[in-house]
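Good morning, and thank you for making time for this presentation. Please take a moment to look at the sequence and the structure before I begin.

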Amino acid sequence: MQAEPHAQAEPHAKEPGEDQSIPRGFPPGFGDGPGEADAVLLLRCLLGISPRALHRLIWAAGGATATVDAVVSGAAGSDRDREWLGTASASAVRARLARAGARFARPGDPEYWPALLRLNDPPVGIFCRGRTLSPEHRRVAIVGSRRPTRTGIEVARSLAAGIVRAGLVVTSGGALGIDARAHEGALDAGGSTVAVLGCGIDRDYPATNRELLHEICARGTLVSEYPPGVPAEPFRFPARNRLIAALSIGVVIVEGVAQSGTRSTADFASQVGSDVFGVPGAITNHLSQAPNALIRDGARLIRSVDDLLDDLGIEPGERAITPEGLPPKEAGVLIALDRPMMADEVAAAAGLALPDAITALVELELRGLITGEGGRYRSTAERAAAATVPEAG
């Protein structure tokens, strides 16, 4: 998949108080060349200027280097930004990223998802840790309340498992509640997941999710708009929500109150053209306010992961594939299991020792990806596909 050009001819949708003349994306040549690339990285480290103000300044200046010069001259940003730019170097920032095991992607780079350019205030770059944020992956976001009901937790985990079993990737915000349960559901089903952080790329926030974030880094991807060392602060989370929406082809709202960050993620999804889905709930449950209101306003109602995949246009034949994020031995066993097989047959087909094959089979069965009957194993995807074949009449 090719990255979209930095700029598009059409101005983005006007918002209250916004200059309609500012185009989407970035000026032609933004970030191209060593000097420009260094300037983009420095711009992404500035904390005294909002993404929207920075976007406006970039278009006025015409390039990244000129924008840095404008900040230094006092056209925008804070005194602290100017003080930092006085001694900062891109090489020092890159060294700090390397120590954190992180990397930077600017517009035009493979890890900079093109839909980010459709935001009214696109990030000048993103930081990543873990697996490559592949442009070939199709991602679906699951978001909701930090204090979900038991039903909300079950729904989030079930949807996430179904999404990754169909070969897609789950996106969420790494927060407590629905976010964490969605990430866990994806990982437990052998899939991959992306967590978008509202803090520096090197921070484990919230601390109670530290082990989960480490697991995501090992089997998925951590993404942040903020460089190492930036603390989590309340105003950073709404900004994070726009990245969750732009990195995904669809956003599912599980639970949330009427006015919440959950609702803002849905609004950002509409801004970038991603589908919005709502899981309906009882009108007596205040956490049903956000999804029910979105459904009333036109979001798609889903009752199951099959509804979601159908509405996303993921055909049943496309869903019987190996989930992203499976450990290598499990992935090899699942690929080898193209028919009902005994454990020793699986070991031979996958090129594994029998004990390793049995361990992988047990893990795959726990993930719900295979079933065992009478000593033979078969993939659940194969069983589901067989069940949909019509009888000859």
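I shall go through the overall architecture, the nonpolar cores, one helix, and finally the salt bridges.

Let me state at the outset that this is a predicted model. The protein contains 16 helices and 14 strands. Of its 393 residues, 50% are buried. The accessible surface amounts to about 17,200 Å², and carbon and sulfur atoms account for 53% of that area. As for the contacts, if we take those with a separation of 6 or more, 70% are between residues 24 or more positions apart.

I turn now to the interior. In soluble globular proteins, nonpolar side chains tend to be buried together. Which residues have the most contacts inside the largest nonpolar core? They are L116, V124, I126 and V223, in a core of 67 residues. V124 may serve as an example. Leaving aside residues up to four places away in sequence, V124 touches, among others, F26, F30, V40, L43 and R44. Its list of contacts also includes L54, I58, F104 and Y112. A second core, separate from the largest one, has 25 residues, and A166, I178, A186 and V279 are among them.

Next, I would ask you to look at helix α14, which spans residues 343-350. Its buried residues are A343, V346 and A347. They lie on the same side of α14, because the arc they cover around the axis is only 100 degrees. The general background is that an α-helix has 3.6 residues a turn, so residues three or four places apart point the same way. What do the buried residues of α14 pack against? Their partners are α13, α15 and the strands β12 (341-342) and β14 (376-379). On the face turned away from the buried side, α14 carries the exposed residues D344 and A348. Just after the helix comes G351, with a positive phi of about 70 degrees.

The last topic is charge pairing. Side chains of opposite charge can pair when their charged atoms come close. How many salt bridges does a search of the whole structure find? The search returns 19, and I shall discuss three examples.

The first example is the salt bridge between the side chains of E225 and R44, at 3.1 Å from N to O. E225 belongs to strand β8 (residues 221-226) and R44 to helix α1 (residues 34-44), so this pair ties together parts that are 181 residues apart in sequence. E225 and R44 are both buried. We have already met R44 as one of the residues that V124 touches.

The second example joins R236 and E233, with an N to O distance of 2.9 Å. Are these two residues buried or partly exposed? R236 has a relative accessibility of 5% and therefore counts as buried, whereas E233, at 29%, counts as partly exposed.

The third example is D356 with K329, at 3.4 Å from N to O. Here the pair ties together parts that are 27 residues apart in sequence, because D356 sits in helix α15 (residues 354-366) and K329 in helix α13 (residues 328-336). D356 is partly exposed, at 30% relative accessible area, and K329 is partly exposed as well, at 44%.

Finally, salt bridges with shared partners link R44, D121, E225 and R242 into one network. The pair from my first example, E225 and R44, thus belongs to that network. Thank you for your attention.

Note on methods:
Residues numbered from 1 in each chain as written. Predicted model: local features only at pLDDT ≥ 70, side-chain atom pairs only at ≥ 80, totals over all residues. Heavy atoms only, no water. Salt bridge = Lys/Arg side-chain N within 4 Å of Asp/Glu carboxyl O. Helix = DSSP H or I, 4+ residues; strand = E, 2+ residues; numbered from the N terminus. Buried < 20%, exposed > 50% of the residue type's maximum accessible area, 1.4 Å probe, protein only. Contact = heavy atoms within 4.5 Å. Areas by Shrake-Rupley, 256 points an atom, 1.4 Å probe, with all protein chains shown as cover. Core = buried A, V, L, I, M, F, W, Y, C linked by side-chain atoms within 4.5 Å. Arc of directions from axis to C-beta.
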